[in-house]
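Notebook open, structure loaded. I wanted to see where the nonpolar side chains end up, so here is what I looked up.

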Amino acid sequence: MTDTPVNEMSFEQAMAELEQVLGQLERGDVALDQSITLYERGAALKARCEAKLKEAEEKVAAITLDSDGNPTGTTPADIQ
């Protein structure tokens with residue numbers, strides 16, 4: 001695990017750490033207390049990945065097309 005706050009991670013960083021966390025949990029070679037900590041970190045990382053994906057989907061959905069289907073710009077997205 002890194003010391004980087006989850007809310008400051010890029011999608012790629014969060015996904016890479018989530019894979020590490022899952023690997024440790026799947027191996028089952030950690031103590032119960034550490035497993036709980038890893039699970040909580042994993043849940044936060046999963047939420048971060050989902051939020052970043054939703055943000056990307058909203059940006060893609062905001063791309064406007066002309067009558068020929070060519071991108072012409074973007075429309076503002078309501079990202080919360």
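Started with Val 6. Skipping anything up to four places away in sequence, I find Val 6 touching Arg 41, Ala 44, Leu 45 and Arg 48. This is a predicted model, so I read every contact here as a computed one.

Where does Val 6 sit relative to H1? I place Val 6 in the segment before H1. I also checked a C-alpha pair: Val 6 and Glu 17 are eleven residues apart along the chain, and their C-alpha atoms are separated by 9.8 Å.

Next, is Val 6 buried or exposed? I get a relative accessible area of 14% for Val 6, and Val 6 counts as buried because the cut-off is under 20%.

Then I looked up the core. Val 6 belongs to the largest nonpolar core, which has nine residues. Its other members are Met 9, Ala 14, Leu 18, Val 21, Val 30, Leu 38, Leu 45 and Cys 49. Helix H1 (11–27) and helix H2 (32–61) each put at least two residues into this core. Leu 45 turns up twice in my notes, as a core member and as a contact of Val 6.

General reminder to self: in soluble globular proteins, nonpolar side chains tend to be buried together.

Last stop, the surface. Which residues make the nonpolar surface patch? I noted Val 60, Ile 63 and Leu 65, for a patch of about 280 Å². I find Leu 65 in strand E1, residues 63–65. The relative accessible area of Leu 65 is 53%, so Leu 65 goes down as exposed, the cut-off being over 50%.

How values were computed: Residues are numbered from 1 along each chain as its sequence is written. This is a predicted model: local features need pLDDT of at least 70, side-chain atom pairs count only at pLDDT 80 or more; totals for chains, interfaces and linings use all residues. Side-chain values use heavy atoms; hydrogens and water are left out. A nonpolar core is a set of buried Ala, Val, Leu, Ile, Met, Phe, Trp, Tyr and Cys residues joined through side-chain atoms within 4.5 Å. Buried means under 20% relative accessible area, exposed over 50%, partly exposed in between (1.4 Å probe, protein chains only). Helices (H or I, at least four residues) and strands (E, at least two) are DSSP runs, numbered from the N terminus. Contact means heavy atoms within 4.5 Å. Patches are made of residues with over 30% relative accessible area and no salt bridge: like charges are joined within 9 Å, nonpolar side chains (Val, Leu, Ile, Met, Phe, Trp, Tyr) within 5 Å. Accessible areas come from the Shrake-Rupley method with a 1.4 Å probe; for residues, only the protein chains shown count as cover. A salt bridge is a side-chain nitrogen of Lys or Arg within 4 Å of a carboxyl oxygen of Asp or Glu.
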